[in-house]
Amino acid sequence: MAHSTSPLRPRLPLPGVRFIVAIASGKGGVGKSTTAVNLALALARQGRRVGLLDADLYGPSLPKMLGVSEKPQVNAHKKLIPLWVDNLAFLSMGLMVPEDSAVIWRGLMVQGALQQLLKEVDWAHHHTGDLDVLVVDMPPGTGDAPLTLVQQVVVNGVVIVSTPQDIALLDARKALAMFQKVSVPVLGIIENMSHFSCPHCHHTVPLFGHGGAEKEAERQEIPFWGAIPLDFSLRCSGDEGQPIMRTNPEGFLGKVYTQMAHHLWQQLNQPASS
Ligand SMILES: Nc1ncnc2c1ncn2[C@@H]1O[C@H](COP(=O)(O)OP(=O)(O)OP(=O)(O)O)[C@@H](O)[C@H]1O
Ligand SMILES: [Mg+2]
């Protein structure tokens, strides 16, 4: 890797934010953004003060998934005010640049843009008191953004999302290794698109294999938070800007995300073990 992994300056906590949690994977398209949105909403339903930051500068997908497109305002101190969506303080580069505009970011620009999205923001604006958790949806891979994030601020933990396929697991292992190298605790692994449940006969088919992420979690002694099936309504919810945790929090998937949000909160509040 061409980057230096040891930050030159000591990392500081982000003012107005208690815990920062990144949602990451090695491979693209495995369901990071879907997971980030629903976990953030589940945490908010549990009464936490939650922020959601879309750190995917190349392909920000959270505005679409949440169904919002307003431009954020700035406050009297020239800090960005996050949007207020379903009790989440939300910010994405997708709200700042026109949709479909090809933005070509280079290393330094990524650093600058991400730094701005993190630090030039009044994260606590909508809440009384500091945010409990800022959930950060990472772009795929182990490129500039994850390293910039961990070099800018204290990241309290990362959640790794993987499909059960070997190739995705290999990439997930790379992402795991990267976060471990920069001393960010891996809080848990989630297997997404785990098996397909037929909406008609409810027969379950492990399309991409099954159990791979759990085995990997066991091998690495990392908590396994469970599996999310390949689900038609989950796919539609993303396209329609109506996340499952908004429309059906008491349904099967809603309960799975709620359980995962419990794990997340528990892991954050237990004394450091890694
Ligand atoms: N469990 C699931 N069942 C069905 N569809 C899903 C599931 N999880 C995610 N999807 C769909 O798969 C697509 C990719 O998901 P998503 O955007 O969350 O992945 P990502 O890891 O954030 O991708 P990227 O690496 O491009 O940021 C989306 O259309 C989403 O709705
Ligand atoms: Mg994404």
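This passage describes two helix pairs and the surroundings of ligand 1 in a predicted model.

A good place to start is the shell around ligand 1, which comprises 20 residues, with G28, G31, S33, T34 and G238 coming nearest. Four elements each give two or more residues to this shell: helix α1 (32–45), strand β7 (186–197), strand β9 (224–230) and helix α7 (232–240). By residue class, the shell around ligand 1 holds 10 polar residues, six nonpolar and four charged.

Helix α1, one of the contributors to that shell, also packs against another helix. The axes of α1 and α9 (residues 252–269) come within 8 Å and cross at roughly 75°. Angles of 65 to 115 degrees count as roughly perpendicular, and α1 and α9 are therefore roughly perpendicular to each other. On the α1 side, the contact is made by N38, L39, A42 and L43, and these meet Y257, T258, M260, A261, L264 and W265 of α9. Eight of the residues in the contact of α1 with α9 are nonpolar and two are polar, with no charged residue taking part.

A second pair is formed by α3 (residues 107–119) and α4 (residues 144–152), whose axes come within 9 Å and cross at roughly 50°. Helices α3 and α4 are therefore oblique to each other, and their crossing is right-handed. Helix α3 brings G107, V110, Q111, L114, Q115 and L118 to the contact, while α4 brings D144, A145, T148, L149 and Q152. The contact of α3 with α4 divides into five nonpolar residues, five polar and one charged.

How values were computed: Residues are numbered from 1 along each chain as its sequence is written. Chains are lettered from A and ligands numbered from 1 in the order in which they are written. This is a predicted model: local features need pLDDT of at least 70, side-chain atom pairs count only at pLDDT 80 or more; totals for chains, interfaces and linings use all residues. Axes are lines fitted to C-alpha atoms, for helices over the stretch in contact, and angles run from 0 to 180 degrees between N-to-C directions. Angles under 35 degrees count as roughly parallel, over 145 as roughly antiparallel, 65 to 115 as roughly perpendicular and the rest as oblique. A crossing is left-handed if the near helix is turned anticlockwise from the far one by less than a right angle, and right-handed if clockwise. Two residues are in contact if their C-beta atoms, placed from the backbone, lie within 7 Å. Ala, Val, Leu, Ile, Met, Phe, Trp, Tyr, Cys and Pro count as nonpolar, Asp, Glu, Lys and Arg as charged, and the others, Gly among them, as polar. A residue is near a molecule or strand if its C-beta atom, placed from the backbone, lies within 6 Å of it.
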